[in-house]
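Visitor: I would like to be walked through this structure, one question at a time.
Guide: Have a look at it, and then ask.

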Amino acid sequence: MYEPAHFKIEDRAALFEVIRAHPLAQLITAGPGGLMANPIPFVLTGEPGHEVLRAHLARPNPQWQELKAGAEPLVIFQSVEHYVSPSWYATKAETHKVVPTWNYIVVQVRGPARVDDSREWLHGQIDQLTQQHEASRAQPWSVNDAPEPFIEAQMRGIVGVEIAIRQISGKFKLSQNRRIEDQQGVVAGLAEDGDAQAEAMRALIAAHLARTAR
């Protein structure tokens, strides 16, 4: 991934937070079948310094076979993103030397993968994935709520994948390469757009401006 110094993030805690908040990622492989990409929800787990991503794929999905054969995956997590209009920049009124761009947050993970279709591993993965997304609900659903024969049958139709995080990189493009007045203009422009992604991006840029002003 192209990472200009303005946008490169090396804080692993910040990168892991993106993964936890946006667990649906693109799992990409390049094997004998060519390039392949699938949206897959992941669980981040493991000890500090030895983190892994765990997921499961449908058994008919040929991607797990490519992973089993040794194809190294690229996993891409996408967070907040939004269009940035050049009309928001203070520089536009001064020189008109501005162009549109796009702000976004993305995290990429690479590392060796292994396949595991044992009952114990699969049950642990789907249970952890479920708890991650149900725990905050007023009446959380549990894997144990479903009949055991049904869950057993479902697990026979999936294959587990574990990816050791050997390399993780992050790019937080939040208008940091623009002068302060332009960044402030982006914050104001996003506030006027009013949609959820605009508000999320506005908050991130405003927080960055607050930190740099200290």
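**Salt bridges, packing and one strand residue**

Visitor: In this predicted model, which residue forms a salt bridge with Glu10?
Guide: The closest N and O atoms of the pair are 3.8 Å apart. A salt bridge needs such atoms within 4 Å, so this pair qualifies. The partner of Glu10 is Lys8.

Visitor: Is Glu10 buried or exposed?
Guide: Its salt-bridge partner, Lys8, has a relative accessible area of 41% and is partly exposed. For Glu10 the relative accessibility is 64%. The cut-off for exposed is over 50%, so at 64% Glu10 counts as exposed.

Visitor: How many salt bridges does a search of the whole structure find?
Guide: The pair of Glu10 and Lys8 is a salt bridge, and so is the pair of Glu134 and Arg137, with closest N and O atoms 3.6 Å apart. Glu134 counts as buried because its relative accessibility is 19%. For the whole structure, the search gives a total of 13.

Visitor: How many residues apart along the chain are Arg54 and Glu162?
Guide: These two form a salt bridge, and their closest N and O atoms are 2.5 Å apart. The pair links distant parts of the chain, with Arg54 in strand β5 and Glu162 in strand β9. Along the chain they are apart by 108 residues.

Visitor: Is Glu162 buried or exposed?
Guide: Arg54, its partner, is partly exposed, with a relative accessible area of 26%. The value for Glu162 is 13%. Buried means under 20%, so Glu162 is buried.

Visitor: Which residues are joined with Arg54 and Glu162 into one network?
Guide: Arg54 and Glu162 are paired by a salt bridge. Salt bridges that share partners extend this into one network. The other residues in the network are Arg114 and Asp116.

Visitor: Which residues does Ala113 touch, leaving out those up to four places away in sequence?
Guide: Ala113 lies in strand β8, residues 113-116, and is partly exposed because its relative accessible area is 24%. Its C-alpha atom is separated by 15 Å from that of Asn38, which is 75 residues apart from Ala113 along the chain. The residues that Ala113 touches are Leu67, Pro73, Val161, Glu162 and Ile163.

Visitor: How do helices α6 and α7 run, roughly parallel or roughly antiparallel?
Guide: Helix α6 covers residues 180-193 and helix α7 covers residues 196-212. They pack at an angle of about 155°, with axes 8 Å apart. That angle makes α6, relative to α7, roughly antiparallel.

Visitor: How many nonpolar residues does the contact of α6 with α7 have?
Guide: The residues of α6 in this contact include Ile180, Val187 and Leu190, and those of α7 include Met201, Ile205 and Leu209. By class, the contact has 3 polar and 2 charged residues. The number of nonpolar residues is 10.

Visitor: What is the handedness of the crossing of α6 and α7?
Guide: The axes of the two helices are 8 Å apart. The crossing of α6 and α7 is left-handed.

Visitor: What percentage of the residues of the chain count as buried?
Guide: The chain has 7 helices and 10 strands, and its C-alpha atoms fill a box of roughly 70 × 45 × 30 Å along the principal axes. Among contacts with a separation of 6 or more, 75% are between residues 24 or more positions apart. Of the 214 residues, the share that count as buried is 42%.

Methods
Residues are numbered from 1 along each chain as its sequence is written. This is a predicted model: local features need pLDDT of at least 70, side-chain atom pairs count only at pLDDT 80 or more; totals for chains, interfaces and linings use all residues. Side-chain values use heavy atoms; hydrogens and water are left out. Axes are lines fitted to C-alpha atoms, for helices over the stretch in contact, and angles run from 0 to 180 degrees between N-to-C directions. Helices (H or I, at least four residues) and strands (E, at least two) are DSSP runs, numbered from the N terminus. Angles under 35 degrees count as roughly parallel, over 145 as roughly antiparallel, 65 to 115 as roughly perpendicular and the rest as oblique. A crossing is left-handed if the near helix is turned anticlockwise from the far one by less than a right angle, and right-handed if clockwise. Contact means heavy atoms within 4.5 Å. Ala, Val, Leu, Ile, Met, Phe, Trp, Tyr, Cys and Pro count as nonpolar, Asp, Glu, Lys and Arg as charged, and the others, Gly among them, as polar. A salt bridge is a side-chain nitrogen of Lys or Arg within 4 Å of a carboxyl oxygen of Asp or Glu. Buried means under 20% relative accessible area, exposed over 50%, partly exposed in between (1.4 Å probe, protein chains only).
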